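Please open the model in your viewer and keep the sequence panel visible beside it. The tour below proceeds stop by stop, naming what to select and then describing what is found there.

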Amino acid sequence: MEARTQPTTHATMLGRTPPGAAAPAGSAPPPLKAESRGLSFHYGKFQALKSITMPVHEHRVTALIGPSGCGKSTFLRCFNRMHDLYPGNRYEGEIVLYPDNTNLLDRDVDPIEVRMRVSMVFQKPNPFPKSIYENVAYGLRVRGVKNRNLLDDKVEASLRGAALWDEVKGRLHEVGSNLSGGQQQRLCIARALATDPEILLFDEPTSALDPIATASIEELIAELRRQVTILIVTHNMQQAARVSDYTAYMYLGELIEFDRTDTIFFKPRRKETEDYITGRFG
Amino acid sequence: MTYVAQTPEQIRGLIAKAKRRDVAFVALGVVALGIGFATFVALFVDMLIDGWARLSPEFFAQFPSRRAGQAGILSAWVGTTLVMIVTAAVAVPLGVAAGIYLEEYAPKHWVTDLIEINITNLAGVPSIVYGLLALGLFVYAFGLGQSIRTAGLTLALLILPVVIVATREAIRAIPGVIREGAYAVGATKWQTVRDHIVPYSMPGILTGVIIGMSRAIGETAPIITIGALTFIAFLPPAPVTGDFPFLSFEWLKAPFTVMPIQMFNWTSRPDEAFHANAAAAGTILVFMTLTMNALAIWLRYRLRKHIKW
């Protein structure tokens with residue numbers, strides 16, 4: 001299956017620079033930040049993911065697309081071991097995080113350690129019913145940060161990183177849930193950024209937002225690529241085309257095709273991918 | 001021949017028919033509400049009229065007496081207040097901790113299912129059974145005496161299921177995405193419980209606590225069973241003393257009476273004058289309960305103001 005090809009193979013196929021990527025045309029792809037190797041996942045007896053092997057390139061946006069129920073969110077939630085919160089779930093295979101070669105799915109690796117390195121933004125904005133400041137600072141607080149100046153600096157930097165600072169700087173101590181939907185989602189992004197994660201996971205981050213808020217989040221994701229590696233699940237193919245450098249098409253728990261986004265959208269190798277992209281299916 | 005209303009006349013006829021059902025249901029609801037409300041008002045007003053003459057500051061400041069005109073509820077309201085303090089101090093931490101454990105930590109299998117069914121059933125056990133249990137356990141086995149601490153522990157057991165169930169329901173009302181949001185930034189289970197689960201479920205827990213306390217404050221049977229006095233003309237030792245360390249817990253060991261027992265005692269006397277005393281005490285007991293409920297509503301409103309998902 002093409003999807004199993006190693007990252008080096010992708011390099012030979014690159015026709016041009018991914019949108020927004022720093023690398024000049026024809027150069028080697030950016031180094032790997034993580035790699036899923038033969039990952040299978042079971043909800044009880046149901047196998048939701050079937051032996052997925054896929055690279056995640058550093059400082060790039062990788063989009064996971066596919067019809068509902070294809071396992072894209074399940075796959076994403078393996079990267080921060082969210083499935084460990086619920087009984088009856090089982091992983092097989094590994095997700096290796098570089099450069100230290102840690103297998104995130106290893107039983108000996110604490111899921112809390114994984115979540116400290118891999119942060120997440122959810123489908124529905126889920127700010128805590130606390131102040132804007134405390135929302136952003138929470139990740140630092142669980143890491144034991146008590147220094148007021150450090151917290152202040154980090155909160156400001158994260159809110160700036162999430163393009164929210166100018167809108168909320170005068171009311172940091174107001175409740176976060178009073179913000180608009182798009183602002184709440186940017187607050188959640190700031191919360192995820194505050195702890196300097198290595199990978200940031202987005203699970204359909206704009207599906208609850210209006211088009212204007214969606215545009216601002218997409219713009220933000222393109223910006224954030226400079227500082228963090230991004231994996232995004234989206235059911236909106238235009239969004240995948242707009243924000244991502246790489247795209248993975250999944251169907252029924254399998255990775256059908258993984259490639260540079262422009263290749264997936266303009267010259268997919270698999271007929272299934274083409275059918276989905278062109279709207280004949282899904 | 002169509003089966004669906006199509007002409008404007010048919011549609012209007014359909015709407016009119018459906019709306020008549022609305023009216024019928026509203027009428028039924030108003031009657032049901034009226035019966036409940038009228039019963040409470042009638043009971044309360046009747047009691048208020050009977051006891052009105054006895055409601056005076058002295059009534060609160062006097063001990064019971066053989067002369068109805070001089071008898072007061074000092075020992076009863078002090079006893080009720082102290083017993084309630086012990087009840088809350090025991091039932092709230094135990095019930096909240098048990099609820100949090102069951103909801104957040106306990107593995108979900110048949111043992112926890114069994115425990116859950118048992119807790120729900122415990123809430124329906126007659127209070128006299130708790131009284132008998134307390135008599136055997138606290139009074140005789142532990143030797144705690146017929147004291148305020150025994151009464152407080154007994155009522156705490158009685159309302160524990162209510163507090164546990166309320167805690168669990170309040171925790172379940174917290175959306176899963178909020179919990180996941182906390183875990184996603186690397187919080188441990190305890191950090192999630194301490195920083196999110198407990199504060200967000202506090203309004204619901206408080207409501208449960210007050211409902212339980214409102215039940216406990218009117219309980220007579222278990223308190224009589226453990227041997228509360230019906231006539232007591234002295235107060236427990238004061239909790240604050242003039243000497244170091246200025247706090248005393250001797251009052252926990254003191255004999256006591258409570259409001260419902262004082263009322264029960266007065267109503268069982270042949271002298272009509274004592275019945276007025278009972279009505280006055282009953283009015284005050286209702287006010288104590290209403291005050292607690294009002295406090296609960298106010299606290300819930302204050303705490304919930306900032307909690308929305």
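How are α3(B) and α8(B) oriented to each other? Before answering, please note that the model is a predicted one.

**Stop 1: two helices of chain B**

Select residues 74-105 of chain B, which form helix α3, together with residues 189-217 of chain B, which form helix α8. Two packed helices are described by the angle between their axes and the distance between the axes. Here the axes come within 9 Å and cross at roughly 140 degrees. Angles over 145 degrees would count as roughly antiparallel, and 65 to 115 degrees as roughly perpendicular. The helices α3(B) and α8(B) are therefore oblique to each other. The crossing in which α3(B) passes α8(B) is right-handed.

Remain with helix α8 of chain B and select K189(B), which lies in it. K189(B) is partly exposed, because its relative accessible area is 34% and the partly exposed class runs between 20% and 50%. Now add Q146(B) to the selection and draw a line between the two C-alpha atoms. K189(B) and Q146(B) are separated by 43 residues in sequence, and by 42 Å in space from C-alpha to C-alpha.

**Stop 2: a nonpolar patch on chain B**

Select F37(B), F40(B), V41(B), V45(B), I49(B), F287(B) and L290(B), and switch on the surface display. These residues form a nonpolar patch on the surface, and together they have about 660 Å² of accessible area. Two elements of chain B give two or more residues to this patch: α1 (8-51) and α11 (272-304). Which element gives the most to the nonpolar patch? It is α1(B), with five residues.

Next, select L290(B) alone; this residue lies in helix α11 of chain B. L290(B) has a relative accessible area of 40%, so it is partly exposed.

**Stop 3: salt bridges of chain A**

How many salt bridges does the structure hold over all chains? There are 29. Three of chain A are visited here.

Begin with E94(A) and R37(A), which form a salt bridge whose closest N and O atoms are 3.1 Å apart. This pair links distant parts of the chain, for E94(A) is in strand β4 (residues 89-97) of chain A and R37(A) is in strand β1 (residues 32-43) of chain A, 57 residues apart. E94(A) is partly exposed, with a relative accessible area of 27%, and R37(A) is also partly exposed, with 33%.

Continue to R117(A) and D100(A), another salt bridge, in which the closest N and O atoms are 2.7 Å apart. This pair likewise links distant parts of the chain: R117(A) belongs to helix α3 (residues 111-117) of chain A, while D100(A) is in the loop between β4 and β5 (102-103) of chain A, 17 residues away. Is R117(A) buried or exposed? R117(A) counts as buried because its relative accessibility is 15%, and the limit for that class is under 20%. Its partner D100(A) is partly exposed, with a relative accessible area of 38%.

Then select D275(A) and K271(A), whose side chains meet in a salt bridge of 3.2 Å, N to O. Both residues lie in helix α11 (residues 271-277) of chain A, four residues apart, which is about one turn of the helix. D275(A) counts as buried at 16% relative accessibility, whereas K271(A) counts as exposed at 55%. Finally, select K33(A), D100(A), R117(A) and E198(A), which are joined into one network by salt bridges that share partners.

**Stop 4: backbone angles of chain A**

Most residues other than glycine have a negative phi, and most peptide bonds are trans. With this in mind, select Y98(A) and P99(A): the peptide bond from the former to the latter is cis, with omega near 5 degrees. P99(A) lies in the loop between β4 and β5 of chain A.

Move to H59(A), a residue other than glycine with a positive phi, near 55 degrees. H59(A) is located in the loop between β2 (46-57) and β3 (61-65) of chain A, and counts as partly exposed at 29% relative accessibility.

The tour ends at A163(A), which is not a glycine but has a positive phi of about 55 degrees. A163(A) is found in the loop between α5 (148-161) and α6 (165-168) of chain A. At 44% relative accessibility, A163(A) counts as partly exposed.

How values were computed: Residues are numbered from 1 along each chain as its sequence is written. Chains are lettered from A and ligands numbered from 1 in the order in which they are written. This is a predicted model: local features need pLDDT of at least 70, side-chain atom pairs count only at pLDDT 80 or more; totals for chains, interfaces and linings use all residues. Side-chain values use heavy atoms; hydrogens and water are left out. Patches are made of residues with over 30% relative accessible area and no salt bridge: like charges are joined within 9 Å, nonpolar side chains (Val, Leu, Ile, Met, Phe, Trp, Tyr) within 5 Å. Accessible areas come from the Shrake-Rupley method with a 1.4 Å probe; for residues, only the protein chains shown count as cover. A salt bridge is a side-chain nitrogen of Lys or Arg within 4 Å of a carboxyl oxygen of Asp or Glu. Buried means under 20% relative accessible area, exposed over 50%, partly exposed in between (1.4 Å probe, protein chains only). Axes are lines fitted to C-alpha atoms, for helices over the stretch in contact, and angles run from 0 to 180 degrees between N-to-C directions. Angles under 35 degrees count as roughly parallel, over 145 as roughly antiparallel, 65 to 115 as roughly perpendicular and the rest as oblique. A crossing is left-handed if the near helix is turned anticlockwise from the far one by less than a right angle, and right-handed if clockwise.
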